[in-house]
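Let's take a walk through this protein together, one stop at a time. Keep the 3D view open and turn it as you read.

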Amino acid sequence: MDLLTLHHLTKTFGGLTAVKDVSFSVDQGAVVGLIGPNGAGKTTVFNLITGQYRSDQGEITFAGARLNGLRTHRIITLGIARTFQNIRLFQQLTVLENVLAGCHYRMRSGILGAMLRLPAQQREEREAMERALQELEFVGLGQQASTVAKNLAYGDQRRLEIARALATQPRLLILDEPAGGMNEQETGALIGLIGRIQARGVTVLLIEHDMRLVMRACEKLVVLEYGGKIAEGPPDQVRCDPRVIEAYLGADDET
Amino acid sequence: MPATWRSFPFNLNYPGGFVEEFLQQLTNGLAVGGIYALIALGYTMVYGVLKLINFAHGDLFTYGAYLGLTLLTSLALTDRLGFFMGVLVLALMVMGLVAVLGAILERAAYRPLRGSPRLSAVVSALGASIFLQNTLMLIYGARFQVYPDNILPVASLDLFGLQIPLMRVLIVLASVVMMVALYLFIQKTKIGAAIRAAAIDQGAARLMGIDVNRVILLVFLLGPALGGAAGLMVGLYYGQINFTMGWVYGMKAFTAAILGGIGNIPGAMVGGLLLGVVEAMGAAYLSIAWKDAIAFCVLILILIVRPTGLLGERVADKV
Amino acid sequence: MGRFTSFTAALFIALMATAPLFLNAYYIDVLNSIGLYALLALSLNLILGEAGLFNMGHAAFYAMGAYTAAILNTRYQIPILWTLPLSGLVAGLFALAIARPVVHLRGDYLLIVTIGIGEIVRIALINDVFGITGGANGVFGISRPDFFGFVIRQPQHFYYLIWGFVALSIFLFLRLKQSRFGRALNYLREDEIAAEGSGVNTAYYKLAVFGLGAAWAGMAGTLFAAKMTIISPESFSFWESVVLFMIVILGGAGNMAGVLLASFLVIGLPELFREFSSARMLVFGLVMMVMMVVRPQGLLPARGR
Ligand SMILES: Nc1ncnc2c1ncn2[C@@H]1O[C@H](COP(=O)(O)OP(=O)(O)OP(=O)(O)O)[C@@H](O)[C@H]1O
Ligand SMILES: [Mg+2]
């Protein structure tokens, strides 16, 4: 069953068409990889899904609901969570406070509840705290709860972002280059983490340049080049696709 | 802003009726707008390169007015060189001195704060502004200072039957000349290109071999020079100056810079002129009592429609 | 809280509670002004320090509260302290109404717009809008506050009223800081896109914090009106907004102890150097510059910075 579907999505910036008529779908429970050379439009697709950008044409549906035009926080409450390519943590806040951001929308209390410390508010705070700590344990940052986020090692910052996203209890998690800047050992751990996320029943859509990770973690790949989709299918099949090989070889020439 | 007009009263009964009054207001608005634009350029250039609101810029403008007064009376330039040459030399001296002040300000108040939280620099700027104002007050006293009125011509220029005060014409001309010169300098010269590059991306500019520190220094020389000239113009135009006037003019000019799209040099020019004209018209035809609120009302309305100002680029934040 | 912090806090509270016993009326009056500014700065700190929204027009909300209280008291004989909630409400609603179309503006744009709002309000008061603000003369004849039959008139009585309100505010704001609402403000300050991307309705919180901060400033306005018995537009000039802004940043945005300390320095010190009236503002400006250069993060930076 499709959880997320993109229909003929197009996005332009001035004269540049960053995403051109892209369609694909993500099955419930799957791990899908979105790959392609630098500047292919992958991140733009993510930003369209989570409503940071508005598409010029096309439609996005998630679990039967149309996402076009919804504000980002609304899309998150529908069950999509994300991480960012350039890590976006709340740098000056603690690790725990960062994860509590993910718990935010499931909580209710406001100004009065906080000022009067109403019982419902207290209970809610306790529950959120527990959930946040659980997520930290899950990604392996349980010991660092009171560290200030900016003092974390780079790989840990990436995992913290995942914990914050998981705290929203999403149905679909989208990860933008989760292994970016990680060493081999950390990447190995990340593959394990992605597996455990999938085991929780969370669908994963990820962008990644690290081909070993993509080949091992994903069941399906979607390949973009110059904003357009050039291939889609299981990793083994995509790997042999001549257009994909050409796209990557062409990209290799430049780098 | 001083309510008294010395050489050319505001509320004459114009014999020519509506059209003439309208044209008088329009030219007056252009003169004031030119002054706003010159000050706004200083805000916008500094902002472009440093992303800093130089709150002390309005006070540099005031220094221009006071230095102009002191030099005018003490050196008797207009007696020796005649009116035009005298004022020209005076303007150059004022611009040079205020430019030096600007460079000192950058050294003392802003350079140590580069890389600090942005608001710290804002507070430092406010501190500098208070310091500069009160220094003037200690030297000159708190009262209005008056430009000597025997030095300046009270003549009017006859433009197609319209009597326009000479000083107003001069101010419009001088501000346009300075703006055009700055525009050409920024667009056509290598140094101008360096300023533009540093405004777009400091890091990249540095990699290209541009000495960003020198660009910043240059911007802190150019902006205050124009601001100082504007101060002198206000002194010559209205005849009265006060040590606190930098805040009102500074706020209006900053409004103009935002209106045009902060960081955008033609934007500051357009914003300044527009603001001057709208304000003059509003004061004349709507209400003089609300004059100082008009600029802000225009600003808010325009920002609601165009959140990045008139000429500011609309960019989607990269995520 | 560390041992040292608790000790400092306890000492401060003890000193403040007993100050009227050993200070003369003049110093008490200075402390009263510090208290009012502290209250205002704490309310601005919610907007500027906690949520990171550049607001340099806070005096407008202060004015709304003060005028609401003054007008209700002089025209309808409502006891001045009773107007407290209403002043807060009026200032808060006013802030919501004007912030609504502009609050999404990027940092510096919001700064100039709030300056503009402050100026528009001041000019409106001078021009006697609706014929009830008394123009440039303002509103006078505001009655003394009456606390359950006890008429507050002497500086030391006001002292307890004002500082009692400061204490209550700190108590409530501390609770707010450790809550969903308080955290949401910090998310907003740290990274708006990440906040929205974590499911925080950033537009709502921007408005809410403007409303809350303004409401508190409005209540401070009531206390001010009660203390002065006469208010005029001069008391709500751009200068007031600038001073509050400087207090918050100098103190260390987001840190209430810092804001309190900065209130003492910024308001108290110039008072103490009254004799050097002509040079004192010059020194004040210089000190501001030097302090920011020496401690760019503020006197007592919020944790983590
Ligand atoms: N906000 C924006 N404004 C203008 N252009 C943009 C914006 N966001 C993306 N682009 C452009 O769209 C194109 C696609 O960018 P995108 O970030 O989606 O690529 P990508 O596939 O994620 O690349 P990478 O692997 O380097 O992250 C690029 O040319 C980029 O410069
Ligand atoms: Mg990308």
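**A guided tour**

Start with helix 3 of chain C, residues 58-76: at 1.5 Å a residue, its 19 residues should span 27 Å, and its end C-alpha atoms are indeed 27 Å apart, so expectation and model agree. Keep in mind that this is a predicted model. Most of this helix is covered, with 15 of its 19 residues buried. Just after the helix comes C:Gln77, which takes a positive phi of about 55°.

Now look at where chain C meets chain B. The two chains bury about 3800 Å² between them, and 83% of that is on carbon and sulfur atoms. On the chain B side, B:Leu119, B:Val123 and B:Trp290 supply 15% of the area buried against chain C, more than any other three residues. In all, the contact takes 46 residues from chain B and 42 residues from chain C.

What about charges across this contact? Side chains of opposite charge can pair when their charged atoms come close. Between chain B and chain C the count is one salt bridge. Here C:Asp108 pairs with B:Arg118, with the closest N and O atoms 2.6 Å apart. Helix 5 of chain B gives the most to the side that touches chain C, namely 15 residues. By class, that side of chain B has 33 nonpolar, ten polar and three charged residues.

Stay with helix 5 of chain B for a moment, and find B:Gln133 in it. Is B:Gln133 buried or exposed? Its relative accessible area is 9%, so B:Gln133 is buried. Leaving aside residues up to four places away in sequence, B:Gln133 touches B:Asp59, B:Phe243, B:Thr244 and B:Trp247.

Our last stop is the salt bridges, of which the structure holds 22 over all chains. In chain A, one joins A:Arg131 to A:Glu135, at 3.5 Å from N to O. These two are four residues apart in helix 5 of chain A, so about one helical turn separates them. Why does that spacing matter? An α-helix has 3.6 residues a turn, so residues three or four places apart point the same way. A:Glu135 is buried, at 2% relative accessible area, while A:Arg131 is partly exposed, at 23%.

A similar story plays out in helix 9 of chain A, where A:Asp236 and A:Arg239 lie three residues apart. Their side chains meet in a salt bridge at 3.0 Å, N to O. Finally, in chain B, a network of salt bridges links B:Lys252, B:Glu279, B:Lys291 and B:Asp292.

Terms used
Residues are numbered from 1 along each chain as its sequence is written. Chains are lettered from A and ligands numbered from 1 in the order in which they are written. This is a predicted model: local features need pLDDT of at least 70, side-chain atom pairs count only at pLDDT 80 or more; totals for chains, interfaces and linings use all residues. Side-chain values use heavy atoms; hydrogens and water are left out. The expected span of a helix is 1.5 Å times one less than its number of residues. Buried means under 20% relative accessible area, exposed over 50%, partly exposed in between (1.4 Å probe, protein chains only). Contact means heavy atoms within 4.5 Å. Buried area is the accessible area (1.4 Å probe) that two parts lose on being put together, summed over both. A salt bridge is a side-chain nitrogen of Lys or Arg within 4 Å of a carboxyl oxygen of Asp or Glu. Ala, Val, Leu, Ile, Met, Phe, Trp, Tyr, Cys and Pro count as nonpolar, Asp, Glu, Lys and Arg as charged, and the others, Gly among them, as polar.
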